[in-house]
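Student: Could you take me through this model and show me how each kind of feature is read?

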Amino acid sequence: MGKYDKFLEARLSAGRWALGSDLSLALITKFKVEPENARKIVQRAADQGVIVSSKPLSFGKGQFLYLRKDQFFGRIMVREVAAKHRKPLYRLLELLERTMVVSFYEGLKITSSTEEKTSTKISLLVDMLDDLEKLKLVATRKDRRGIHYILLRQGGDLQSTESTYEALMEVHFQSMQLDAMFIPDVLRWLRSLNLVGLGAAYRNVSAPATGVKHNNILWDAFAYSKTTGINPFVAAQADSIAKQTLVPLDVVISRKYLQVDLDAYLARIQININSAKMAGRKVMPVVVYQEIDEMTLNSMKKLGFLSLDINILFGRNFTEIIDKVRDMYSGFHEVDLGNTVEQALQLIDQSGHSDQLKSLRGALFEALLAPVVAHFYPNAQLLQGKKLTDPTSGKSREFDLVIISSHPKEVMLVELKGYAGKSLIPVGTAEDKDTLRYFFRGSVPIAQNYYKGDKSLEHHRVSAAYITSGRYHEDAGKFIRKVGSSTLRPSRLEMFYDGPLLEKLLNENGFEHQAKIIKQFYLDGRG
């Protein structure tokens with residue numbers, strides 16, 4: 001072994017690890033070699049197995065981490081080095097240590113990565129994951145829904161490891177649903193204070209692993225504000241989005257909001273602000289959390305971010321509401337769905353925030369009604385929150401329920417609207433959300449074109465049903481009669497149900513408990 005190799009080996013024996021720049025500097029100091037030669041000596045030692053390199057995983061300016069040949073790269077070591085020399089990597093590993101699994105979307109958030117390369121200064125998450133997988137530090141998997149996840153690599157035999165991964169992904173999907181579920185209600189609250197306007201984009205509970213993109217950066221939600229006092233234009237002059245303040249939201253409800261969450265959020269905001277497209281535009285960051293430590297909260301306040309404690313926003317019993325919702329979504333223990341939904345609705349009423357939690361009430365309505373609809377099509381496949389894309393136009397729409405039945409051969413599309421009994425649903429247009437035409441003229445044709453291309457369902461007909469606890473506007477009669485006589489009529493259900501008809505359907509088919517809940521909390525209740 002040559003003098004350089006002995007020196008490098010001794011150097012690494014004295015410490016746990018060293019970066020390439022540290023080893024090069026030590027060689028220069030000890031042997032007076034040129035910097036270029038020092039780098040080549042280190043590289044040659046790694047190539048010959050005298051020392052071990054982290055290649056391809058690098059730590060700032062393309063330099064690698066080096067160990068003695070009898071050592072290996074562990075998560076703790078890599079995380080410790082990344083904390084100083086590669087912040088995005090550190091944030092990912094720190095979050096994984098807490099949660100054991102994150103979705104690819106959450107990985108993009110925590111590393112402040114873009115989906116596609118936009119700058120030499122921004123690392124791509126996919127590149128980072130390739131390097132981490134080669135060092136056997138993480139694993140990537142897809143769940144039964146096709147969602148991509150990043151997991152801490154597990155030991156043990158293959159079968160038990162895969163079972164562990166599947167369980168972790170299933171539980172984490174429920175956590176993502178919790179995070180996404182309350183975003184519409186938070187936006188509604190911000191709108192009531194005139195902090196944001198209409199037209200917000202947000203992560204949907206039916207697709208919680210998909211964020212919304214602004215300037216190639218992903219967010220949980222974003223909106224625009226023209227509130228006078230934080231914008232260079234007065235409200236009346238802020239007549240275009242370009243003149244309005246951007247309001248991006250970072251929402252974590254299912255777990256504690258961490259310092260790495262805040263650091264990643266700040267990094268994404270800085271990337272956005274530094275973009276040429278953002279020249280002159282102000283940003284008002286909003287963080288929504290259920291739990292946070294005092295140090296992270298103080299950091300947030302010093303940054304001037306708007307911090308919203310959802311427990312204060314929606315009542316002190318909000319934690320109990322979340323526990324009920326978590327139970328409702330859980331697939332790992334038996335849950336009396338009717339009682340769980342009823343208890344959650346009772347807690348919402350007691351909180352005094354029924355009007356502010358309309359989206360949550362709607363989600364509870366969907367959870368209660370999904371098994372009821374499935375009852376009429378036994379042994380059929382039930383898909384909740386299904387997103388379908390028209391293969392011709394590329395347009396996509398989400399469906400509350402899709403029932404795929406073999407007997408009869410039918411694909412039924414179901415829209416569920418858990419509204420107060422006095423709420424009116426208008427006819428609207430194909431582009432106006434929460435209207436009849438939005439579903440029947442906008443969404444249903446997309447599904448028809450989608451299923452035309454599915455050879456396994458070529459003999460199935462597409463039907464549709466609109467079920468609400470509210471009422472239809474008086475001008476909807478003609479539209480309902482026309483659509484109701486079309487080929488979209490379901491074989492085992494009516495096409496339209498309002499509150500009274502829904503209550504009757506439930507009572508006549510043995511769903512008395514569900515009928516009681518619908519009457520108490522929707523037909524006679526507020527919200």
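Tutor: We begin with the whole protein and then turn to single helices, backbone features and residues.

Student: What kind of model is this, and how many helices and strands are there in the protein?

Tutor: This is a predicted model, and the protein in it has 19 helices and 20 strands. Taken along the principal axes, the box that the C-alpha atoms fill is roughly 90 × 60 × 45 Å.

Student: What share of the residues count as buried, and what share of the accessible surface belongs to carbon and sulfur atoms?

Tutor: Of the 527 residues, 50% count as buried, while the accessible surface comes to about 25100 Å², with 50% of that belonging to carbon and sulfur atoms. For contacts with a separation of 6 or more, 63% are accounted for by residues 24 or more positions apart. As for charge, there are 72 positive and 60 negative charges, and their mean positions are 6 Å apart.

Student: How far apart should the ends of helix α3 be, and how far apart are its end C-alpha atoms?

Tutor: One sets an expected span against the distance between the end C-alpha atoms. Helix α3 has 13 residues (35-47), so at 1.5 Å a residue it should span 18 Å, and its end C-alpha atoms are 19 Å apart, which agrees.

Student: Which residues of α3 are buried, and how do they lie around the axis?

Tutor: An α-helix has 3.6 residues a turn, so residues three or four places apart point the same way. In α3 the buried residues are Ala38, Ile41, Val42, Ala45 and Ala46. They cover an arc of only 130° around the axis, so they are on the same side of α3. The elements that these buried residues pack against are α1 (3-14), α2 (20-31), β2 (51-58) and β3 (64-68).

Student: How is asparagine 37, which is found in α3, placed with respect to the solvent?

Tutor: Asparagine 37 has a relative accessible area of 39%, so it is partly exposed. Its C-alpha atom is 9.3 Å from that of leucine 27, a residue ten places away in sequence.

Student: Which residues of helix α4 are buried, and what covers them?

Tutor: In α4 (residues 75-85) the buried residues are Met77, Val78, Arg79, Val81 and Ala82. Their cover includes β1 (18-19), β2, β3 and α5 (87-99).

Student: Where does the backbone have a positive phi?

Tutor: One looks at the sign of phi and at the residue type together. Glycine 49, just after α3, takes a positive phi of about 80°. Lysine 136 is not a glycine, and yet its phi is positive, at about 60°; this lysine lies in the loop between α7 (125-134) and β5 (138-142), and at 58% relative accessibility it counts as exposed, because the cut-off for exposed is over 50%. Aspartate 434, also a residue other than glycine, has a positive phi near 60°; it is placed in the loop between β17 (424-425) and α16 (436-452), and with a relative accessible area of 38% it is partly exposed.

Student: Which peptide bonds are cis?

Tutor: Here omega is the angle to read. The bond from lysine 55 to proline 56 is cis, with omega near 15°, and proline 56 has its place in strand β2. A cis peptide bond also joins histidine 407 and proline 408, where omega is about 0°; proline 408 lies in the loop between β15 (396-405) and β16 (410-417).

Student: Is threonine 296 buried or exposed, and which residues does it touch?

Tutor: Threonine 296 lies in helix α11 (residues 294-303). Its relative accessibility is 2%, so it counts as buried. Not counting residues up to four places away in sequence, threonine 296 touches Tyr257, Leu258, Gln259 and Leu262.

Student: Where does arginine 255 lie, and which residues is it in contact with?

Tutor: Arginine 255 lies in the loop between β11 (245-252) and α10 (259-274), and at 23% relative accessibility it counts as partly exposed. Its neighbours within four places in sequence left aside, arginine 255 is in contact with Leu95, Thr99, Asp261 and Glu291. For one of these, threonine 99, the C-alpha atoms are 8.8 Å apart in space, although 156 residues separate the two in sequence.

Definitions and conventions: Residues numbered from 1 in each chain as written. Predicted model: local features only at pLDDT ≥ 70, side-chain atom pairs only at ≥ 80, totals over all residues. Heavy atoms only, no water. Helix = DSSP H or I, 4+ residues; strand = E, 2+ residues; numbered from the N terminus. Buried < 20%, exposed > 50% of the residue type's maximum accessible area, 1.4 Å probe, protein only. Contact = heavy atoms within 4.5 Å. Areas by Shrake-Rupley, 256 points an atom, 1.4 Å probe, with all protein chains shown as cover. Lys, Arg positive; Asp, Glu negative; His and termini not counted. Charge placed at Lys NZ, Arg CZ, Asp CG, Glu CD. Expected span 1.5 Å × (residues − 1). Arc of directions from axis to C-beta.
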